[in-house]
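Here's a quick briefing for anyone meeting this structure for the first time. Take a look at it below, then read on.

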Amino acid sequence: MRNQLSAAASLASAAPRIGLHRSTGPSRAWEIRTVKPVTYTVRLVDDLFGLNSTDLVKAGQTRRVSRIRRFVVLDAEVDWYHGDRIRKYFDHHNVETRFCVIRVNEQLKTVDTLLDVCRQLDEFGINRRVEPIIAIGGGVLCDVVGLLASLYRRGTPYVRVPTTLVGLVDAGIGAKTGVNFGEHKNRLGTYFPSSHTLLDRSFLATLDSRHISNGLAEILKIGLIKDLRLFELLEQHGSELIETRLQAGNALDAVAVEVLDRAIQGMLEELQPNLWEHKLERLVDYGHSFSPLIEMRALPELLHGEAVTVDMALTTCLARRRGLVSRRDQDRIFATMRALRLPLWHPVCEPATLIAALRDTVRHRDGLQRIPLPLGIGQAYFANDVTDDEIAQACDDVREEVCRA
């Protein structure tokens with residue numbers, strides 16, 4: 001025990017001390033060491049805009065104020081379906097509200113869109129710490145508003161209300177923000193989590209089935225690389241989840257709750273210890289080694305989750321050729337992708353495009369491929385030695401699979 005205490009004391013004394021340190025040498029220098037604690041809340045909420053709910057009004061409120069004011073960025077599609085209910089909610093709670101309604105998609109996920117929102121925000125004027133911006137919309141809108149919040153006065157609190165399935169399980173619950181630049185997805189961005197993310201699955205009721213499938217792709221990702229039970233739920237119930245849109249009050253409610261819970265928990269387990277991506281080997285990058293360029297080159301034909309699925313199909317074939325995935329498991333994976341109404345292939349997936357995509361990914365991952373490859377179903381490892389020939393062979397395999405079906 002004495003040796004253990006001595007070792008702990010030695011480690012503590014060796015660790016950098018927080019504070020301001022002035023050099024004792026001949027040069028005049030100061031070193032500043034500090035730590036910024038990060039806390040944010042992700043919560044599933046039923047009937048978020050019910051008049052008796054105060055979750056959104058209180059979210060991000062750091063102290064009592066005499067007048068509640070909110071700048072709300074609202075997706076135009078969400079406004080069409082839910083705008084009246086949202087406005088009645090804020091009126092009921094006597095919130096002075098400025099609505100900024102925007103139409104946004106991957107093609108409009110640009111600095112220009114961000115600046116348009118910023119101009120309206122500046123006209124409204126908000127107090128820096130007690131009047132959080134509210135983002136109500138899909139993952140793209142949440143990314144744009146998150147980047148704006150990180151830049152406006154060098155950091156303004158914001159609250160996310162994702163309204164798509166991708167937003168609920170992926171884009172709305174992490175720390176990353178961003179806009180596209182050129183043909184590069186999210187090339188400009190920051191790490192800036194919202195103080196609160198409030199998840200209300202009732203928004204999914206008004207999504208078309210394609211956007212439900214799009215979100216299920218990101219859930220499938222978690223199942224394939226770390227949660228066999230989650231994969232099996234999608235394998236058994238995927239088609240029905242699309243039809244019921246993961247809503248309460250039907251026979252699949254318990255399945256929908258478990259799917260959402262496992263997907264969110266699995267994602268956050270991976271993000272929490274590595275929120276700023278100091279470690280570049282990330283399991284949640286599965287399906288994101290080739291897909292950024294696939295998605296941007298295929299616009300507007302592919303949604304984000306669809307491009308991720310194409311990537312996962314390619315890497316599944318690549319893993320099968322390496323003996324990491326059996327033919328039977330590959331068939332199960334592809335059958336589940338089809339049941340979720342997701343594409344396995346797109347014409348932009350020529351070897352030259354995929355090789356270029358991987359080169360850009362290598363730069364993003366600091367000189368190494370760090371490609372997550374599945375080990376069967378429910379596990380993964382990182383590869384740094386994928387060759388151009390393997391990529392071309394995987395292309396042929398998926399193309400043949402699509403033609404055979």
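In which loop is Pro300 found? Pro300 is found in the loop between helix 10 (291-298) and helix 11 (304-321). Keep in mind as you go that this is a predicted model. The rest is sorted by topic: the backbone, the sheet, the helices on the sheet and the cysteines.

**Backbone spots to look at**

- Pro300 comes with a cis peptide bond: the link from Leu299 to Pro300 has omega near 0°.
- Asp47 isn't a glycine, yet it has a positive phi of about 55°.
- You'll find Asp47 in the loop between strand 3 (41-44) and helix 2 (55-58), and at 46% relative accessibility it counts as partly exposed.
- Arg245 isn't a glycine either, and its phi is positive too, at about 55°.
- Arg245 is found in the loop between helix 8 (228-244) and helix 9 (253-271).

**The sheet**

- There's an open sheet of 6 strands here, with parallel pairing and the order 3-10-7-6-4-5.
- Strand 3 and strand 5 (95-102) stand at the edges, and each has a single partner strand, so one side of each is left without a neighbour in the sheet.
- From one strand to the next, the twist averages 20°.
- As general background, strands of a sheet pair through backbone hydrogen bonds, either parallel or antiparallel.
- For one pair, look at strand 4 (residues 68-75) and strand 6 (residues 133-137), which pair in the parallel sense over 3 bridges.
- Leu74 has Ile136, in strand 6, as its bridge partner.

**Helices on the sheet**

- Helix 3 (residues 76-92) packs on the sheet and touches strand 4, strand 5 and strand 6.
- The direction of helix 3 makes about 160° with that of strand 4.
- Helix 4 (residues 111-124) also packs on the sheet, touching strand 4, strand 5 and strand 6.
- For helix 4, the angle is given against strand 5, and its direction makes about 160° with that of strand 5.

**Cysteines**

- A disulfide needs two cysteine sulfur atoms within 2.5 Å, and by this rule the count comes to 0 disulfides.
- Why is Cys142 without a bond to Cys100? The closest cysteine sulfur to that of Cys142 is in Cys100, but it's 14 Å away, so it's too far for a bond.
- Cys317 is in no disulfide, and the nearest cysteine sulfur, that of Cys395, is 9.6 Å away.
- Cys142 is buried, with a relative accessible area of 2%, and Cys317 is buried with 1%.

How values were computed: Residues numbered from 1 in each chain as written. Predicted model: local features only at pLDDT ≥ 70, side-chain atom pairs only at ≥ 80, totals over all residues. Heavy atoms only, no water. Buried < 20%, exposed > 50% of the residue type's maximum accessible area, 1.4 Å probe, protein only. Helix = DSSP H or I, 4+ residues; strand = E, 2+ residues; numbered from the N terminus. Pairing = 2+ DSSP bridges. Axes fitted to C-alpha atoms, helices over the stretch in contact; angles between N-to-C directions. Contact = heavy atoms within 4.5 Å.
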